[in-house]
Amino acid sequence: MTTLLEPLRRIAAYAVCLDSAQRVLLVRASDRSGTPGAWSLPGGAVDHGEDPQHTVVRETAAETGLSVSVSGLADVLADLRALPDRGITLHTDRLLYTVSVRGGSLLHRVGQPTDLARWVTLDEARLLPLRAFTARALGLPAGTGDLLPDETPDFPSFYAVPGPDGLHRAQRFAAYAVATDPARRILLTRVADGYPGAGCWHLPGGGTDYGEQPGTALIRELAEETGQHGRLVELLGVASHRDAASLGPEGYPIDWHGVRAFYRVEVEAPAPPQVHDVGGSTSEARWFALEELRELPRDRLTEVTVEAVRVARLG
């Protein structure tokens, strides 16, 4: 029975690391973990305010003894699993990065959540009890099935908790669209009054729901915010921004950490933008020609918009 489990959510980052023989680096979960004996990519939870790329380097070193450097973003996905022994249902937003080894030597950890690190071929990996996200990352058949909850529990899209300094803090995963139409216009939304960044132009999108995949959430948010129906093309990147004292409609300062995946989206049949989610964080939506976009002052664009436009080579 999993319906009475407490819902929790976290963001985590993992390393996809291959050696010169095309073996992949994996770690085994110990009896101290929620999935003892299962093998996965090295990685773990993103600390509050931490850039996920730093998480990958830190966690890989801790779990394997190897120092790595990040070379790219491989995938972003989400999954749900029930952990009755801990009394929780856990939604994890997982960021998968390709990395290369800079130095160090493999080590095994006694009494830690992972107790073994090993280089394995893909044929060897097929025979291991792999976590589902690891099997997907390696292009292998679905791994050992996580215990799923009987139903997706309710969980607020905004969830702030008191931090160690007494200030409330919130960590949120979101998905955004660099949405263009056949005329090469880009779709932007204006942040409503009362929200951080009020008046600035922003990418359409927003926080993903509990149990929701980022791509699915993005297409939903695009329709709700702008009335457009788009097609997901590719994952462009992940942005991590922290505002140590963000002030929004809650009326009190929050130490805010946003981790935002952004995607290229094509809107093949653009329509006049219409904000359907009236009273929310979006006050306006508009198509911009690229010349208009380039003329916008950078301080009138949100941080993630500036970063995503640069990566998409539109600015």
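A residue is called buried here when its relative accessible area is under 20%, and the legends below use the word in that sense for a predicted model.

**View 1. Tyr14 and Phe133 form a tilted aromatic pair in this predicted model.** With a relative accessible area of 4%, Y14 falls under the 20% limit and is therefore buried. The whole structure holds four aromatic pairs, and in one of them the ring centres of Y14 and F133 are 4.6 Å apart, with an angle of 50° between the planes, so that the pair is classed as tilted. Y14 belongs to strand 1 (residues 6-17) and F133 to helix 3 (residues 132-137), and the pair thus links distant parts of the chain, 119 residues apart. F133 also has a relative accessibility of 4% and counts as buried. The face of the F133 ring is in addition covered by R94, which lies at 4.2 Å from the ring centre.

**View 2. Phe155 and Tyr210 bring two loops together.** The ring centres of F155 and Y210 are 5.1 Å apart and their planes meet at 35°, so this pair, too, is tilted. F155 is found in the loop between helix 3 and strand 8 (161-162), whereas Y210 is found in the loop between strand 12 (205-207) and helix 4 (214-226), so the pair ties together parts that are 55 residues apart in sequence. Both F155 and Y210 are buried, and together with Y159 they make up one aromatic cluster.

**View 3. The charged end of Arg286 sits over the ring of Phe288.** The distance from this charged end of R286 to the centre of the F288 ring is 4.2 Å.

**View 4. Helix 4 has an end-to-end distance that agrees with its expected span.** For the 13 residues of helix 4, a rise of 1.5 Å a residue gives an expected span of 18 Å, and the C-alpha atoms at its two ends are 18 Å apart, so the two values agree. Several residues of helix 4 are buried, among them P214, G215, A217, L218 and L222. Just after helix 4, G227 adopts a positive phi of about 75°.

**View 5. Glu221 is a buried residue of helix 4.** E221 has a relative accessibility of 12%, which is under the 20% limit, and so counts as buried. The side chain of E221 is joined to that of R220 by a polar contact of 3.4 Å. When neighbours within four places in sequence are left aside, E221 is in contact with G205, G206 and G207.

**View 6. Asp255 makes a side-chain polar contact with His48.** D255 is placed in strand 14 (residues 254-266), and with a relative accessibility of 4% this residue counts as buried. The polar contact between the side chains of D255 and H48 has a distance of 3.1 Å. Not counting residues up to four places away in sequence, D255 touches H48, L167, H168, R169, A170, R242, D243 and A244.

**View 7. Cys17 and Cys200 are both buried cysteines.** C17 has a relative accessible area of 0% and is therefore buried, while C200, at 10% relative accessibility, counts as buried as well. A search of the whole structure nevertheless finds zero disulfides.

Note on methods
Residues are numbered from 1 along each chain as its sequence is written. This is a predicted model: local features need pLDDT of at least 70, side-chain atom pairs count only at pLDDT 80 or more; totals for chains, interfaces and linings use all residues. Side-chain values use heavy atoms; hydrogens and water are left out. A disulfide is a pair of cysteine sulfur atoms within 2.5 Å. Buried means under 20% relative accessible area, exposed over 50%, partly exposed in between (1.4 Å probe, protein chains only). Rings of Phe, Tyr and Trp (its six-membered ring) pair if their centres lie within 6.5 Å; planes under 30 degrees apart count as stacked, over 60 as edge-to-face and the rest as tilted. Helices (H or I, at least four residues) and strands (E, at least two) are DSSP runs, numbered from the N terminus. A charge sits over a ring if NZ of Lys or CZ of Arg is within 6 Å of the ring centre and within 35 degrees of the ring normal. The expected span of a helix is 1.5 Å times one less than its number of residues. A polar contact is a pair of N or O atoms within 3.5 Å; within protein, one must be able to donate a hydrogen and the other to accept it, and residues adjacent in sequence count only if both atoms are side-chain atoms. Contact means heavy atoms within 4.5 Å.
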